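Here is a note for a colleague who is opening this entry without having met it before. Please keep the sequence and the model side by side while reading the points below.

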Amino acid sequence: MDARNPEAPGGRELRDVAENLFQELQEHFQALTATLNLRMEEMGGRIEDLQKNVNDLMAQAGIDSPAQKH
């Protein structure tokens, strides 16, 4: 090592490998986050549909829904 290049031998290669690994992990995390967000939106839509169907069934049965009581 000299004063102009304080890295140990192989240090640059190790740093490059670590940076590449970090970049890959970041890309995988972003993809996972996007997938989870999409699935949460889909689930939210399904829950809203289910709630509407339950309310419709309760109305057909002549039952007040708890939301209407409050």
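1. Which residue takes a positive phi just after α1? In this model, which is a predicted one, that residue is glycine 62, found just after α1 with a phi of about 75°.

2. Stepping back to the whole chain, the protein chain holds 2 helices and 0 strands. Helix α1 covers residues 11-61, and since its 51 residues at 1.5 Å a residue should span 75 Å, the 73 Å that separates its end C-alpha atoms agrees with the expected value.

3. As for burial, 3% of the 70 residues in the protein chain are buried, where buried means a relative accessible area under 20%. The area that the protein chain exposes comes to about 6700 Å², and 59% of that area is supplied by carbon and sulfur atoms.

4. How many salt bridges does a search of the whole structure find? The search returns 3 of them, and the general background is that side chains of opposite charge can pair when their charged atoms come close.

5. Arginine 15 deserves a careful look, as it takes part in a salt bridge with aspartate 16, in which the closest N and O atoms are 3.9 Å apart. That distance can be read against the cut-off, which asks for a side-chain nitrogen of Lys or Arg within 4 Å of a carboxyl oxygen of Asp or Glu. Arginine 15 also forms a salt bridge with glutamate 19, and here the closest N and O atoms are 3.6 Å apart. Arg15, Asp16 and Glu19 are thereby linked in a network of salt bridges.

6. Why are arginine 15 and glutamate 19 separated by about one helical turn? The two residues are 4 residues apart in helix α1, and that spacing is why about one turn lies between them. In general, an α-helix has 3.6 residues a turn, so residues three or four places apart point the same way.

7. The members of this network can also be described by their accessibility. Arginine 15 has a relative accessibility of 35% and therefore counts as partly exposed, aspartate 16 is partly exposed at 31%, and glutamate 19 is partly exposed at 47%.

8. Another salt bridge joins the side chains of aspartate 56 and lysine 52, with an N to O distance of 3.0 Å. Both residues lie in helix α1, where aspartate 56 and lysine 52 are 4 residues apart, about one turn of the helix. Aspartate 56 is partly exposed, its relative accessible area being 34%.

How values were computed. Residues numbered from 1 in each chain as written. Predicted model: local features only at pLDDT ≥ 70, side-chain atom pairs only at ≥ 80, totals over all residues. Heavy atoms only, no water. Expected span 1.5 Å × (residues − 1). Buried < 20%, exposed > 50% of the residue type's maximum accessible area, 1.4 Å probe, protein only. Areas by Shrake-Rupley, 256 points an atom, 1.4 Å probe, with all protein chains shown as cover.
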